[in-house]
Amino acid sequence: MRREVPLLITGIVGVVFVLQYFIPHWPFSQVNTWFSDWFSIVGAFAIWLGALNLLKISALKVIGKKSDWGYAIVIIISFIIMVAIGFAEGKEFREQGTMFSWLYEYVYSPLSATMFALLAFFVASASYRAFRARNLDATLLLMAGFLIMLGRVPVGDSISFFLPENYQFSQVASWIMTWPQTAGQRAIMIGIALGLVSTSLRIILGIERAHLGGGD
Amino acid sequence: MNLQLVIRSRLFVGLAQVCFFLFLLVNLGPLAFAQDEPVPTQLVDSTPLNPPTNIEVADTPNDAGGSITIRWTEPIPPEGTAIKGYYILRAEAVGNEQGQFDVVGETSTGSSELLDGNVVDTLNYYYRVAVIYSATGVNGLEVEALAESGISRMVSSSAQWFDWRRINVFVGVIFLCGFILYYISRAKAGKKLFIRKIAGLEAVDEAVGRATEMGKKIYFIPGTQDMDNVQTIAGVTILGRVAEVAATYDTYLEVPVSRSLVLVTAKEIVKEAYSKVGRPDAFHEDQVHYLTDDQFGYAAGIDGMVVREKPATIFFMGAFYAESLILAETGNSIGAIQIAGTAMPSQLPFFVAACDYTLIGEELFAASAYLAREPKLLGSLKGQDVGKAIILFSIVIGVLLETFGVWRFSSLFGVLD
Amino acid sequence: MSTRAKELLVVGIVLLFCIIAYLGKVYGWVDTVVFSPMVSMIVVGIIILGLVFVLIRTLQGRLINRQVVFLFVGIAVIMPFFMSITQKIRTSPEVQQLYDAVAELPKGSKVLVSFDYDPPSAPELQPMAEAFLYYCLSNDLKVIIMGLWPQGAQQANLALEAIMKNEKLAAKGLEYGKDYVNLGYQAGNEFVIQRMGADFSSMFRTDYSGRHYEELELVKNVKNFSNIDYSFNLSAGYPGTQEWVQVAVDRYGLKMGCGNTAVQAPMMYTYLNAGQLVGLLGGMNGAAEFEQLVKYPGKGTKFMLSQSFAHMIVIAFIIIGNVAFFRSGRGKKL
């Protein structure tokens with residue numbers, strides 16, 4: 001029963017979801033809404049599982065003075081502050097001028113942007129390490145990468161000023177992005193889409209059940 | 001808004017303005033144009049305003065009901081005027097008569113169709129379309145006037161049992177599913193199926209073994225998306241296999257997750273895997289733990305753990321966005337062996353650059369079949385490959401037909417009207 | 001030095017830097033520091049000399065570690081903020097296509113803008129958002145804002161706040177509810193788009209500040225996508241442009257353009273070439289090009305010099321990396 005009930009639910013929901021794509025009539029027209037609402041409701045309750053798990057693990061770290069317990073204190077304090085302020089400010093907590101929006105704008109936003117900004121550094125170091133002319137394919141890729149990087153910034157055209165206008169780096173970069181790049185993207189996307197269909201079908205039919213635990 | 005009243009008031013104001021036009025312009029121009037309602041001027045008195053014609057109303061096809069499509073022919077605006085947009089007016093049918101017309105929608109110029117998606121299937125309706133003309137008045141200010149069409153025929157909406165625009169998708173799905181099911185049945189019947197070597201999956205044992213030798217942890221990152229994403233399901237499927245190997249070698253496996261539902265699922269999978277290899281005692285509840293739903297908060301959390309604890313092996317299996325390179329490059333910086341798998345085309349280059357092995361797109365979905373070697377799962381891969389062969393064939397045919405201008409083959413694959 | 005000590009040191013340095021930057025902002029020092037062209041060229045020269053030094057060391061067989069790469073990238077990104085070098089930004093066809101699509105909309109047309117991103121992607125997408133909103137509102141287009149990401153609606157408010165400081169817009173006396181509305185965030189990802197195909201108000205019963213949909217003059221007659229003349233999606237992931245194309249464009253025939261992060265933009269060319277998207281702004285350069293077109297030079301234009309420098313640094317390090325690769329003899333296979 002422990003495996004059969006989830007499999008049955010998956011099968012029924014999966015088939016109904018496929019059918020609703022082709023049948024616009026009620027009740028199929030509503031299943032999307034029902035299931036997405038149910039997913040939101042379950043997800044909303046489940047968020048507490050995650051939050052409590054985070055608090056539990058952090059608290060245990062602090063109590064047991066395990067390694068890096070100082071970070072756990074930061075987690076607990078930040079968590080309490082955000083939740084307390086959010087609840088204290090009621091339904092208007094997202095409005096401009098609230099404490100929550102201040103924390104959002106001046107703490108959360110810069111922290112998130114900082115993490116995203118790390119990409120610039122990591123792209124450079126990854127390119128430095130991995131972008132090598134190992135063979136013909138890699139060399140072609142490297143050249144395409146060079147042209148794109150040059151063509152995507154104004155300095156590219158300044159460097160290639162002596163070339164006819166249609167062959168300057170920005171134009172070459174546009175051509176690479178529009179044609180060869182798109183062809184490659186499409187090939188990968190078609191493969192992924194087929195893989196998705198196949199995996200979904202396996203899940204709906206109950207052939208794939210490793211995600212329910214146990215491996216087979 | 002009751003448009004009938006609006007139109008009446010506009011006509012009234014318009015007539016008044018015909019009489020006092022010069023007076024208003026000279027003495028009260030600014031005041032007159034400061035009124036709330038647009039003021040018709042010579043639009044009314046000099047040239048007849050053409051209303052929209054050929055009002056066609058019909059139940060919107062291929063839908064769930066509750067919608068009526070209204071089409072009309074755009075009038076030719078008199079010289080010096082322009083069409084600013086249209087009001088769509090609707091009245092419920094009361095017996096054979098129409099009730100009061102209310103504005104139910106508006107569109108801008110260039111439109112000659114509107115979908116009224118706010119009707120009840122059991123009721124009948126009548127429609128009118130009013131065109132909004134605008135022109136520059138004598139004093140340089142913009143003035144507006146309306147011209148209303150006749151009343152449409154009575155119409156009602158209804159739901160349909162099949163969306164015929166999607167017949168091409170339906171045929172495609174039937175074929176593809178048919179192939180997959182056929183090969184699954186063949187595989188069940190004992191037919192041996194070949195599957196090519198996938199380096200990333202071959203390396204799982206080696207990667208876990210390395211962590212065992214070094215006496216360090218293994219990290220498994222199942223992406224940043226929830227359980228409704230097939231990539232996450234594919235990721236946690238691989239987690240089961242990794243957990244089995246880790247439990248066998250008695251190596252600590254840590255799974256930080258970013259979604260509560262993934263937490264529950266991953267915990268169950270790891271627990272079962274440990275039980276399966278006879279090591280239920282080695283499983284710790286805290287092995288699988290939640291960090292945060294926030295994309296970069298999650299990336300920051302993992303980066304911190306990776307830098308401090310220096311795991312020997314890291315798996316990235318699931319759906320990733322911009323955090324992919326941040327995670328993979330940090331793992332690379334501490335010298336961890338890294339195996340990644342994702343079906344996010346934009347993140348694949350990053351994983352390829354920073355990880356030792358990468359499962360590209362469909363390889364991620366093939367992983368469970370590859371690892372389990374179960375005939376039924378392998379059969380589905382074969383069916384998928386036949387689907388791919390047909391798509392390749394279609395592309396070649398389509399390119400030839402369209403290049404030589406024989407037939408627009410690609411029209412078969414769009415949303416059909 | 002232990003990892004923790006290093007972390008504390010870094011935190012200390014960053015904190016000090018932030019305090020200096022904050023004080024600089026408050027007292028207006030930061031904005032007053034502008035290098036003359038001569039000084040700018042000297043800085044560029046020093047960076048080039050540094051790279052040559054790294055190249056020489058590499059040729060000598062002494063490889064640099066990643067921290068040196070980070071240092072150069074950091075310098076290349078920060079220094080251009082103070083430089084007075086101007087660049088000629090050339091418009092790419094996909095940006096021009098988006099501009100043309102909006103420019104040909106008659107006055108009063110309704111434009112739906114979906115903010116599907118959060119603060120981390122704001123440096124790339126916020127300049128696009130500001131330039132796009134500025135152009136729409138200054139050309140008398142009516143703007144309906146929404147978000148499929150929880151923080152999207154807040155990003156929209158920040159963009160509106162920024163553009164309303166512009167004199168041209170301020171003079172227009174734009175009115176909330178009549179010229180633009182912010183319907184706020186709605187949970188449900190692509191299901192929201194699907195339900196909007198039938199009825200907007202079923203998804204957005206109130207706007208961002210709690211006013212009822214029917215009370216908002218701009219949208220009270222907007223039932224579904226058939227009332228929308230153009231749509232612009234700012235996306236940093238899921239749900240985003242892909243979902244909009246699959247649901248709103250394919251099923252409901254919405255005319256749509258998009259602004260995407262540079263990482264995500266390449267994927268959108270498949271939709272652009274197929275005609276499912278009408279215009280695309282990709283990353284910071286897309287934002288800068290659009291700003292030039294709409295004559296609203298903002299952060300996109302300002303940061304393009306940094307982007308140019310950063311790209312050049314990455315190219316330089318790829319060359320240095322390959323020099324090291326060939327010098328080690330592994331390149332003989334080529």
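This passage describes the chains, domains and contacts of a predicted model.

Chain B is described first. The chain holds 11 helices and 14 strands. It has 417 residues, and 48% of them count as buried. Many of its contacts link distant parts of the sequence. Among contacts in chain B with a separation of 6 or more, 70% join residues 24 or more positions apart.

The domain assignment splits chain B into domain 1 (3-148), domain 2 (164-190 + 377-413) and domain 3 (199-373). Domain 2 of chain B is thus written as two stretches of sequence, 164-190 and 377-413. The C-alpha centres of domain 2 and domain 3 of chain B lie 33 Å apart. Contact between these two domains involves 4 residues of domain 2 of chain B and 5 residues of domain 3 of chain B. On the domain 2 side, 3 of the residues are nonpolar and 1 is polar. No charged residue appears on that side.

One sheet of chain B is open and has 3 strands. Their order is β1-β2-β6, and the pairing is antiparallel. In general, strands of a sheet pair through backbone hydrogen bonds, either parallel or antiparallel. The edges of this sheet are β1 (53-59) and β6 of chain B, each of which pairs on one side only. On average, neighbouring strands are turned by 15 degrees against each other, direction ignored. Strand β2 of chain B covers residues 68-73 and is joined to β6(B) by 4 bridges. These two strands run antiparallel. B:T69 stands opposite B:L115, a residue of β6(B).

Helix α10 of chain B spans residues 362-372. Because 10 of its 11 residues are buried, the helix is largely enclosed by the rest of the structure. Among the buried residues are B:L364, B:F365, B:Y370 and B:L371. The buried set also includes B:E362 and B:E363. After α10(B) comes B:R373, which has a positive phi, near 55 degrees.

Chain A has its own division into domains. Domain 1 of chain A runs over 1-88, and domain 2 of chain A over 90-130. The C-alpha centres of these two domains lie 23 Å apart.

Chain A and chain B touch through 52 residues of chain A and 68 residues of chain B. On the chain A side, α1 (4-22), α2 (28-63), α4 (99-130) and α8 (180-205) each supply at least two residues. The most come from α8(A), which gives 16 residues. By class, the chain A side has 31 nonpolar, 17 polar and 4 charged residues.

Chain B also touches chain C. This contact takes 28 residues from chain B and 24 residues from chain C. Four elements of chain B are listed as giving two or more residues to this side: β3 (81-94), β5 (102-108), β6 (113-116) and α7 (295-309). The most come from β5(B), with 5 residues. The chain B side divides into 9 nonpolar, 14 polar and 5 charged residues.

Strand β6 of chain B therefore has two roles in this description: an edge strand of the open sheet and one of the elements on the side that touches chain C.

Definitions and conventions: Residues are numbered from 1 along each chain as its sequence is written. Chains are lettered from A and ligands numbered from 1 in the order in which they are written. This is a predicted model: local features need pLDDT of at least 70, side-chain atom pairs count only at pLDDT 80 or more; totals for chains, interfaces and linings use all residues. Two residues are in contact if their C-beta atoms, placed from the backbone, lie within 7 Å. Ala, Val, Leu, Ile, Met, Phe, Trp, Tyr, Cys and Pro count as nonpolar, Asp, Glu, Lys and Arg as charged, and the others, Gly among them, as polar. Domain bounds come from an automatic or database domain assignment. A residue is buried if 20 or more other C-beta atoms lie within 10 Å of its own, exposed if 12 or fewer, and partly exposed in between; C-beta atoms are placed from the backbone. Two strands pair if DSSP finds at least two bridges between them. Axes are lines fitted to C-alpha atoms, for helices over the stretch in contact, and angles run from 0 to 180 degrees between N-to-C directions.
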